[in-house]
Amino acid sequence: MPFEVHQEKTYTQERGKVYDAALKSVEKLKGQMVKSKPEEFQFEVKFDKTLLGKVLGDRTQMTCVVQAEGEGSKVVMDIYPLDAVGRKLMFGARKGVSEEALRMFLENLESNLHQD
């Protein structure tokens, strides 16, 4: 079973609004920005082992790109676990960590979209 998770999700809001909501989600989850290309609506972020008080067991790294799709937008995300040194974990990762981190990110992103 691969540890890397790829997910795409579409939203009716325009991509600038979705990108801002994604950044707020990263901030709430206390993610550490690795790379950011705001002009291309993309970023790369690292999350700790603990998100919002929930212990996941592994650090994760996620890339996120917000693309225009018609009048709405599409969020393309790839996330994978990291070892203690910050390298991509190829074996020995805890099951479901990437999925849970991604679920929490999307939950916060969608909450931010509904607040505006």
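The paragraphs below go through a predicted model, beginning with its sheet and ending with a few single residues.

Five strands make up an open sheet, in the order 1-7-6-3-2, with antiparallel pairing. Strand 1 and strand 2 are the edge strands, and each of them pairs on one side only. On average, neighbouring strands of this sheet are turned by 15° against each other, with direction ignored. One pairing can be followed in detail: strand 1 and strand 7 are joined in the antiparallel sense over seven bridges. In strand 7, V76 is the residue that stands opposite E8.

Helix 1 packs on this sheet, where it touches strand 1, strand 2, strand 3, strand 6 and strand 7, and its direction makes about 15° with that of strand 3. Helix 1 covers residues 15-28, which is 14 residues. From its first C-alpha to its last, helix 1 reaches 20 Å, close to the 20 Å expected at 1.5 Å a residue. At the start of helix 1, a side-chain oxygen of E14 comes to within 2.8 Å of the backbone nitrogen of G16. Just after helix 1, K30 has a positive phi of about 60°.

Which residues of helix 1 are buried? They are G16, V18, Y19, A21, A22, S25 and V26. These buried residues pack against strand 1 (5-11), strand 2 (32-37), strand 3 (42-47), strand 6 (59-69), strand 7 (72-82) and helix 2 (97-115).

Helix 2 lies across strand 1, strand 3, strand 6 and strand 7, and runs at about 15° to strand 1. Helix 2 has 19 residues, which should span 27 Å at 1.5 Å a residue; its end C-alpha atoms are 27 Å apart, so the two values agree. The buried residues of helix 2 are V97, S98, E100, A101, L102, M104, F105, L106, N108, L109, N112 and L113.

Two residues of helix 1 can be used to follow the packing between the helices. A21 is in helix 1. Its relative accessible area is 2%, and because buried means under 20%, A21 counts as buried. Apart from neighbours within four places in sequence, A21 is in contact with L109, N112 and L113, which are among the buried residues of helix 2. The C-alpha atoms of A21 and Q115 are separated by 9.6 Å, although their positions lie 94 residues apart along the chain. S25 is also placed in helix 1. S25 is buried, with a relative accessible area of 0%. Not counting residues up to four places away in sequence, S25 touches M104, F105, N108, L109 and N112. L109 and N112 thus appear among the contacts of both A21 and S25.

The aromatic residues come next. There are two aromatic pairs by the ring-centre rule. In the pair of Y19 and F41, the ring centres are 5.6 Å apart and the planes meet at 85°, so the pair is edge-to-face. This pair links distant parts of the chain: Y19 is in helix 1, F41 is in the loop between strand 2 and strand 3, and they are 22 residues apart. Y19 has 5% relative accessibility and counts as buried. Together with F43, the residues Y19 and F41 form one aromatic cluster.

Some residues have an uncommon backbone angle. Most residues other than glycine have a negative phi. F41 has a positive phi near 55° and is not a glycine. Is F41, in the loop between strand 2 and strand 3, buried or exposed? F41 is buried, with a relative accessible area of 19%; the cut-off for buried is under 20%. L52 is likewise not a glycine, and its phi is positive at about 50°. L52 lies in the loop between strand 4 (50-51) and strand 5 (54-55). With 48% relative accessibility, L52 counts as partly exposed, because exposed means over 50% and buried means under 20%.

Definitions and conventions. Residues numbered from 1 in each chain as written. Predicted model: local features only at pLDDT ≥ 70, side-chain atom pairs only at ≥ 80, totals over all residues. Heavy atoms only, no water. Helix = DSSP H or I, 4+ residues; strand = E, 2+ residues; numbered from the N terminus. Expected span 1.5 Å × (residues − 1). Buried < 20%, exposed > 50% of the residue type's maximum accessible area, 1.4 Å probe, protein only. Contact = heavy atoms within 4.5 Å. Polar contact = N/O pair within 3.5 Å; in protein donor to acceptor, adjacent residues only side chain to side chain. Pairing = 2+ DSSP bridges. Axes fitted to C-alpha atoms, helices over the stretch in contact; angles between N-to-C directions. Phe/Tyr/Trp six-rings, centres within 6.5 Å; stacked < 30°, edge-to-face > 60°.
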